[in-house]
Amino acid sequence: MDAYTELKTMERLHRIYRHPLYAAELEGICEDEKERRFCRHGMEHVLDVARICTIYCLKDGIVDEHITIELIYAAAMLHDIGRHRQNLDGTPHDLAGARIAEAVLKDCGFGEHEIRTVLHAITEHRREQNEAENSSSGRFADIFRMADKKSRPCYSCSAKAECNWPEEKMNLKVGI
């Protein structure tokens, strides 16, 4: 299936978006962040991460039957879904998100390998670097982490002066 056809037929992504647990957690995140001046974690961020990650995965040649564009978008949709739990009880959002994502992905028809790949990307997206995994899921996690960071337009942020990100991590130039 070509990439265009795949993008048009991603029914499982719609299932994620409509899943009651996903919807409730996303609503909690949006409510938590409604007054936030810094980067937010709603659908705009999700889609930015998905698109940047897709570009790099295609460029790197790792989009195949195991790492599909649909899987990239699923990981993006779910990678920060634990942020509301973190705000409520202090559980790190990558760990809370992995628990939420596993339940949602199972309900939405994803297979075991797909679930493991997405969970790996979620649990690794906050780490500095992966332990040099040579597998496609390890390379995907590395690219995913970088896409998450690259999605932040620090160069045009009005709250940049108050941001707690070190300057060397900020995206100070336009680019992907």
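Cavity, core and helix α8

Modeller: In this predicted model, the largest cavity is lined by Tyr22, Leu26, Ile29, His41, Val46, Ala76, Met77, His79, Asp80 and Ile81.

Colleague: Which elements give two or more residues to that lining, and which gives the most?

Modeller: Two or more residues come from each of α3 (20-32) and α5 (69-78), and α3 gives the most, with three residues.

Colleague: How many cavities does the search of the whole structure find, and what is the volume of the largest?

Modeller: With a cut-off of 30 Å³ or more, the search finds one cavity, and the volume of the largest is about 40 Å³.

Colleague: What makes Tyr count as nonpolar and His as polar in the lining?

Modeller: Tyr is on the nonpolar list, whereas His is on neither the nonpolar nor the charged list and therefore counts as polar; by class, the lining has seven nonpolar, two polar and one charged residues.

Colleague: Why is α8 called largely enclosed by the rest of the structure?

Modeller: Buried means under 20% relative accessible area, and 10 of the 13 residues of α8 are buried, so the helix is largely enclosed; among the buried ones are Ile115, Val118, Leu119 and Ile122.

Colleague: Which residues have the most contacts inside the largest nonpolar core?

Modeller: That core has 40 residues, and those with the most contacts inside it are Ile16, Leu78, Leu105 and Phe140; α5 gives the most to this core, with nine residues.

Colleague: What makes Ile122 a contact of Leu78?

Modeller: Contact means heavy atoms within 4.5 Å, and, leaving aside neighbours within four places in sequence, Leu78 is in contact with Ile122 as well as Ile16, Tyr22, Ala101, Val104 and Leu105.

Terms used:
Residues are numbered from 1 along each chain as its sequence is written. This is a predicted model: local features need pLDDT of at least 70, side-chain atom pairs count only at pLDDT 80 or more; totals for chains, interfaces and linings use all residues. Side-chain values use heavy atoms; hydrogens and water are left out. On a 1 Å grid over the protein atoms alone, a cavity is a set of points where a 1.4 Å probe fits but cannot get out, and a pocket is an open set with protein on both sides within 12 Å along at least five of seven lines; lining residues have an atom within 4 Å of a point. Grid points are joined across faces, edges and corners, and a volume is the space filled by probe spheres set on the points. Helices (H or I, at least four residues) and strands (E, at least two) are DSSP runs, numbered from the N terminus. Buried means under 20% relative accessible area, exposed over 50%, partly exposed in between (1.4 Å probe, protein chains only). A nonpolar core is a set of buried Ala, Val, Leu, Ile, Met, Phe, Trp, Tyr and Cys residues joined through side-chain atoms within 4.5 Å.
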